[in-house]
Amino acid sequence: MEYWRALRRIPQARNGVLMLVLIVLATLIAPWLAPFSPMHVDPNARLLPPLSPMVGGASIYWLGTDSIGRDILSRLLYGARLSLTVGTLAVLLSAAFGTLVGALSGYFGGKIDDFSAWLIDVQLSFPFLLLAIFVLGAVGGGTAAVVLILALGTWVNYARIVRAQVLSIKNQSYVEAARVTGAGAIRILCVHCLPNTLSPICVVASFSMAQAILTEAGLSFLGVGLDPSTPSWGTMLNDGRDYLLNAWWIAAMPGVAIGFTVLAVTLLGEGLRELLDSSSSR
Amino acid sequence: MNTPALGHPPPLLDVRGLSISLRSRSGFIQVVSDVSFTVAAGEALGIVGESGSGKTLSMLSLLQLLPQGAVARAERASYDGRDLLAQSNKQMAGIRGREIAFVFQDSLTALNPVLSIGQQITEGMRLHFSMAKADAELRAVELLLQVGIPDPSLRLRQYPHEFSGGMRQRVCIAMALAGKPRLLIADEPTTALDVTVQAEIVNLIRQLQIDSGLTVIWVTHDLALLARIADRVVVMYGGRVMEDARACDLFATPRHPYAAALLRSARYDMTSSKQTDPIATQSMEAPAPMGCPFAPRCDEADDRCRATAPSLVSVPGNAHVACWARAGELPGTRLV
Amino acid sequence: MTQATPLFSARGIAVTFHRKRWLGRHPQLVQALRGIDLDIMSGEVLALVGESGSGKSTLARVLIKAIAATAGSLAFQGTDITHLEGERLRAMRRHFQIVFQDPFSSLNPRLSIGTAIAEPLIVHNLAAGEALRHRVAECLRMVGLDPTLSTRRPHEFSGGQRQRICIARAIAGQPLLIVADEALSALDPSLRDRVLDLFQDLKTRFSLTYLFISHDLRLVRRIADRVAVMYLGQVIEIGATKEVYNHPRHPYTQALMSAIPVPDPLAERSRHYPTLPGEPPSPSNPPQGCSFHPRCSRAGHLCRTQLPLLNKTSDRHEVACHFPD
């Protein structure tokens, strides 16, 4: 927990964490915060700009309504859940898989390394977006499929970085010391190699999270992502596409939300890197 | 101050009150304080100190080669009458290599791996003397012979990785001599070399000194090495000069406790020195204490030592010591 | 005098590396060690000296089975361990430890020093929980460091302190042999004395055996009982320290000894440094016969054709030379 205290000292991390906390809090209390259900349709309140008073005068539509009268604010809050969940799961999955492959090929080399190099080449030679559209189109979208596709697209980044790190770490004297002491490969990998790869993994992870949220939004925008009726920032962008000129807020609000989240995660990543680098500095 | 006796020429290099500060996260840290020494023409000065003693930084500051964020100030830093710290970039370019040459510790990184030796040696010559390529190469061959490299015309075309460590260092010395400098500063040139190769390089530099009257400053952490090559020795610790004396005097009767400790470990003393190790975890960035930097490790340190750093006072025998315990015993005049 | 069983016994150890060549021709064969016979007695300090390329580090690592030998046999406490592997090898590793030259890269920057020191104990299940912590604190105290610092990270310590931490790690599992691979070279001269004292202190307390690798002949003289001088993968002279230093018989050893600077200006200036002609040879292209002959003033025809083997010249002194002094 000394990490927590240290994190607070770094301005980027502090701000990033604060922003993220806000977002997460908002998504958690969405049911109470949101004035409406995200599915609630009110044909009389269509395309209302932000801060318009509600029919029946109780309060105002803070962020306006969309083409079928759904409250943007409520959809934004509920949509956050989906987007954040998808983003986080995708990052965790790709980080886990990529790190595993990278660590094993970096440490053992030989055939394992050759195989993973081949795998990475295969992965990279496929244009990701095309693959995503094709697969998701065939499967029909859905949360699990989107998470898997997103993870598939980014595991390579982790693998390459972790492999390079492990290659250089395994020649350090402290690894030799551990080997001479009798430590097995698993111990060396888990205790000595991986912790020292945390710093670049964190950086990649935070940028990947940002990328994942954006990509999910993009996929939903293209219509191959999540189910269009479920509120996610991506589907909201999709909805707002046709109304950019006369009802800009339908697309702009989710856009701002995405930007805010991406900024928060990026700041956190930078702060984490600062922290990890300084705690192992000479 | 070594007030030169009548008839003695002024020193080639005269440094007084040199101080260097480095910028860090928490402000400026003084890493070198009040360093003073002189080198006469043709003399060999040895500067001995551990890592962190400031010996390398002091030398670099004289050539205005300090890293970004480092500031050097001195009462006097004169080479041949010119103030080194006040020279412009253009003037400095005329001094580096041409008047004062530098040989570094790591010959491997001092040489550009993608240029041939010939190219690197002739670079300086063509810069300083506007020599034609052919003439410069002839001179380069001469230089390689002078530093003891056989088959010089063949070697000229070769690349650094084709030379052994000792050979590379000879090449670096040849490069340093290319500009016909009057002063050669060698910063731990033999530290990375095997002991037999070290002996050769020491011999070489000594021979160069005898043959051409080259003035040499040899910076090292190995005191014994200086016995062969130095006429005078300056002992540095914690960014300050602790003692400065003629070599024969220092090796016979070191005055400063640190110099004495260095000498003891240079001889293969069978008796071990059971000094207690300070357990405190001093952060690497701790600012220099106001007191004598050697006080924590000195047996004779008292409160005055810990409170104020002693200044360099002159003592009989054309020497200086910075030590409260020692200065008190000897009548001496404060360094004015 | 009864012959005690040596702690380590090496016979005919050879190590050949294959160095890949740039243009894809056959890999270059580098003979790092050539037919080494060596005994290390329990409780002694044996120093391996030699210049770069002599193979001293390689030999030490072969002995503790950190590198596999290409040929030869190895025995530990009388038992043959040449082909030992797997779990039995792992269990045996408890008896050897190594302290490296660079105090900065020999400690994992992410682990607290307490965890680093505990490594041998954890790997071999020697202690756990409170007993583990107690042992770590004990080791820290023995090397002169405050036990409450065990939670700190390596970067908070100086070079000399880190080296002490490495020593604490080395003694934690109560090994029988410690290899010090230039362990003092990266330290400042005044620190070296203290760490050397520490080594001697620990040796007496725990009856350790040391294999001391160093190129610093002055240091070796202070701590070693026996010295083995290596040149191009071969032990060319071995004997009691006093013997080898005062009466070196191999011309290379003689050159080595005379190259040591003596802190006496008058003596230094007047004596002649005999310098070795030529360059140190490359292990990938060793000279025929005696590897030293191209640089030897005494080389005869025999030297150019036949590799000399270690020969006893007195009870505690062996030389590999056709014309020893």
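What follows is a walk through a predicted model, going from the way its chains meet to the packing inside them.

Let's begin with who touches whom. There are 2 pairs of chains that touch, and chains B and C make the most contacts of these. Chains A and B, on the other hand, do not touch, and their nearest C-alpha atoms sit 9 Å apart. Chain A does meet chain C, in a contact that takes 19 residues from chain A and 23 residues from chain C.

Take the B–C contact, then. It draws 38 residues from chain C and 36 residues from chain B. On the chain C side, the elements that put in two or more residues are helix 6 (189-206), helix 7 (217-223), helix 9 (251-258) and helix 10 (265-270) of chain C. Helix 6 of chain C gives the most to this side, with 6 residues. Sorted by class, the side of chain C that touches chain B has 17 nonpolar, 5 polar and 16 charged residues.

Now for the A–C contact, looked at from chain A. Two elements, helix 8 (173-181) and helix 9 (185-193) of chain A, each supply at least two residues of the side that touches chain C. Of the two, which gives the largest share? That is helix 8 of chain A, with 8 residues. By class, the side of chain A that touches chain C has 6 nonpolar, 9 polar and 4 charged residues.

While we're on chain A, have a look at its overall build. Its secondary structure comes to 12 helices and 2 strands. Following the sequence along, you meet them in the pattern α-α-α-β-β-α-α-α-α-α-α-α-α-α. The C-alpha trace of chain A spans about 80 × 45 × 25 Å along its principal axes. Of the 282 residues in chain A, 44% are buried. If you take the contacts in chain A with a separation of 6 or more, 72% of them are between residues 24 or more positions apart.

Chain B is where to go for a sheet. It has an open sheet of 8 strands, in the order 7-8-9-3-10-11-13-12, with mixed pairing. Strand 7 (100-103) and strand 12 (313-315) of chain B stand at the edges; each has a single partner strand, so one side of each is left without a neighbour in the sheet. From one strand to the next, the twist averages 20°.

Partway along that order, strand 3 (residues 44-48) and strand 10 (residues 232-237) of chain B run parallel, joined by 4 bridges. To find one of the partnerships on screen, go to B:Gly46, whose bridge partner in strand 10 of chain B is B:Val233. Helix 1 (residues 55-62) of chain B packs on the sheet, where it touches strand 3, strand 8 (183-187), strand 9 (215-220) and strand 10 of chain B. The direction of helix 1 of chain B makes about 145° with that of strand 9 of chain B. Helix 11 (residues 257-266) of chain B lies across strand 3, strand 10 and strand 11 (240-246) of chain B, and runs at about 105° to strand 10 of chain B.

That leaves two helix pairs. Two packed helices are described by the angle between their axes and the distance between the axes. Still in chain B, helix 7 (residues 165-178) and helix 8 (residues 195-212) have axes that come within 10 Å and cross at roughly 20°. Angles under 35 degrees count as roughly parallel, and helix 7 and helix 8 of chain B are therefore roughly parallel to each other. Their crossing is right-handed. From helix 7 of chain B, the residues B:Gly165, B:Gly166, B:Gln169, B:Arg170 and B:Ile173 meet B:Val197, B:Glu200, B:Ile201 and B:Leu204 in helix 8 of chain B. By class, this contact has 4 nonpolar, 3 polar and 2 charged residues.

The other pair is in chain C. Here the axes of helix 4 (residues 129-142) and helix 5 (residues 159-172) of chain C come within 9 Å and cross at roughly 130°, so helix 4 and helix 5 of chain C are oblique to each other. Helix 4 of chain C passes helix 5 of chain C in a right-handed crossing. Helix 4 of chain C makes the contact through C:Arg135, C:Cys139, C:Leu140 and C:Met142, and helix 5 of chain C through C:Ala168, C:Ile171 and C:Ala172. Sorted by class, the contact of these helices has 6 nonpolar, no polar and 1 charged residues.

Note on methods. Residues are numbered from 1 along each chain as its sequence is written. Chains are lettered from A and ligands numbered from 1 in the order in which they are written. This is a predicted model: local features need pLDDT of at least 70, side-chain atom pairs count only at pLDDT 80 or more; totals for chains, interfaces and linings use all residues. Axes are lines fitted to C-alpha atoms, for helices over the stretch in contact, and angles run from 0 to 180 degrees between N-to-C directions. Angles under 35 degrees count as roughly parallel, over 145 as roughly antiparallel, 65 to 115 as roughly perpendicular and the rest as oblique. A crossing is left-handed if the near helix is turned anticlockwise from the far one by less than a right angle, and right-handed if clockwise. Two residues are in contact if their C-beta atoms, placed from the backbone, lie within 7 Å. Ala, Val, Leu, Ile, Met, Phe, Trp, Tyr, Cys and Pro count as nonpolar, Asp, Glu, Lys and Arg as charged, and the others, Gly among them, as polar. A residue is buried if 20 or more other C-beta atoms lie within 10 Å of its own, exposed if 12 or fewer, and partly exposed in between; C-beta atoms are placed from the backbone. Two strands pair if DSSP finds at least two bridges between them.
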